[in-house]
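Q: Hi! Could you walk me through this structure? I'm new to this, so plain words please.

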Amino acid sequence: MIALQIKEIKSFMGKLLGTECFDSFLLEEAVITTYNTFRIDGRINREFYSDEEWENKETHPDEFSAWKTMRPLCFDLIKGKKTPAGFKFILHLMPRYIPGILKPEDTPITPDQVKALVLTCKYDGGSLTLVTGTAFTTFLPDKTVDVLWDKAVRTFLSKKEIGFEEL
């Protein structure tokens, strides 16, 4: 787990909310504080779907909603003349991208042992930090996945020209 402080908040927000930059993520949770506090549970709601729709995995291939579909809603809650008082987005890398992080030569851990590779974005009204995290389907004493995920996030941010410094 690492914590990274974003250097240029406005540029980061433009990429997060206004481009496809983070569309390889799912949204677990969003908490946006403006004139109200808005809470979004990104978990797909079973009751919304008919049995036929629920069986079709194209309708909802993942446990959480794609950031791509939630991004416009979050943008609408944040946009305006005033900066939000704060927000927190808990994002998960889409499961289909986990094998690309876990190359067999780097770790014996398999993608099915990884529940989530997490990136938490938190803005407190003055600074914006990203915190990485991992979750597994069972206890694993091996911390290689943590190291690989931290490295992947640093590389991702650098490729997207997002300036950061480690805390």
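**Salt bridges and strands**

A: Let's begin with one contact: the side chains of E166 and R154 meet in a salt bridge, 2.7 Å from N to O. Here a salt bridge is a side-chain nitrogen of Lys or Arg within 4 Å of a carboxyl oxygen of Asp or Glu. The pair ties together parts that are twelve residues apart in sequence, because E166 lies in strand β8 (residues 164-166) and R154 in helix α5 (residues 144-159). Helices (H or I, at least four residues) and strands (E, at least two) are DSSP runs, numbered from the N terminus.

Q: What kind of model is this, and how are residues numbered?

A: This is a predicted model, where local features need pLDDT of at least 70, side-chain atom pairs count only at pLDDT 80 or more, and totals for chains, interfaces and linings use all residues. Residues are numbered from 1 along each chain as its sequence is written, and side-chain values use heavy atoms, with hydrogens and water left out.

Q: Is E166 partly exposed or buried?

A: E166 is partly exposed, with a relative accessible area of 43%. R154 counts as partly exposed too, at 26%. Buried means under 20% relative accessible area, exposed means over 50%, and partly exposed is in between (1.4 Å probe, protein chains only).

Q: How many salt bridges does the structure hold?

A: The structure holds five. One of them joins the side chains of R71 and D23, at 2.9 Å from N to O. R71 sits in helix α3 (residues 67-78) and D23 in the loop between α1 (9-18) and β2 (25-33), so this pair ties together parts that are 48 residues apart in sequence.

Q: Are R71 and D23 buried or exposed?

A: Both R71 and D23 are buried.

Q: New topic! Which way do the side chains point along strand β1?

A: They alternate along β1 (residues 3-6): L4 and I6 point to one face and are buried, while A3 and Q5 point to the other and are not.

Q: Which way does β1 run against β7, and against β8?

A: β1 and β7 (residues 128-136) run antiparallel and are joined by three bridges. β1 and β8 also run antiparallel, again with three bridges. Two strands pair if DSSP finds at least two bridges between them. A3 stands opposite V131 in β7, and I6 stands opposite F164 in β8.

Q: Last one: what about the phi of E161?

A: E161 has a positive phi of about 55°, although it is not a glycine. Most residues other than glycine have a negative phi. E161 lies in the loop between α5 and β8, and at 68% relative accessibility E161 counts as exposed.
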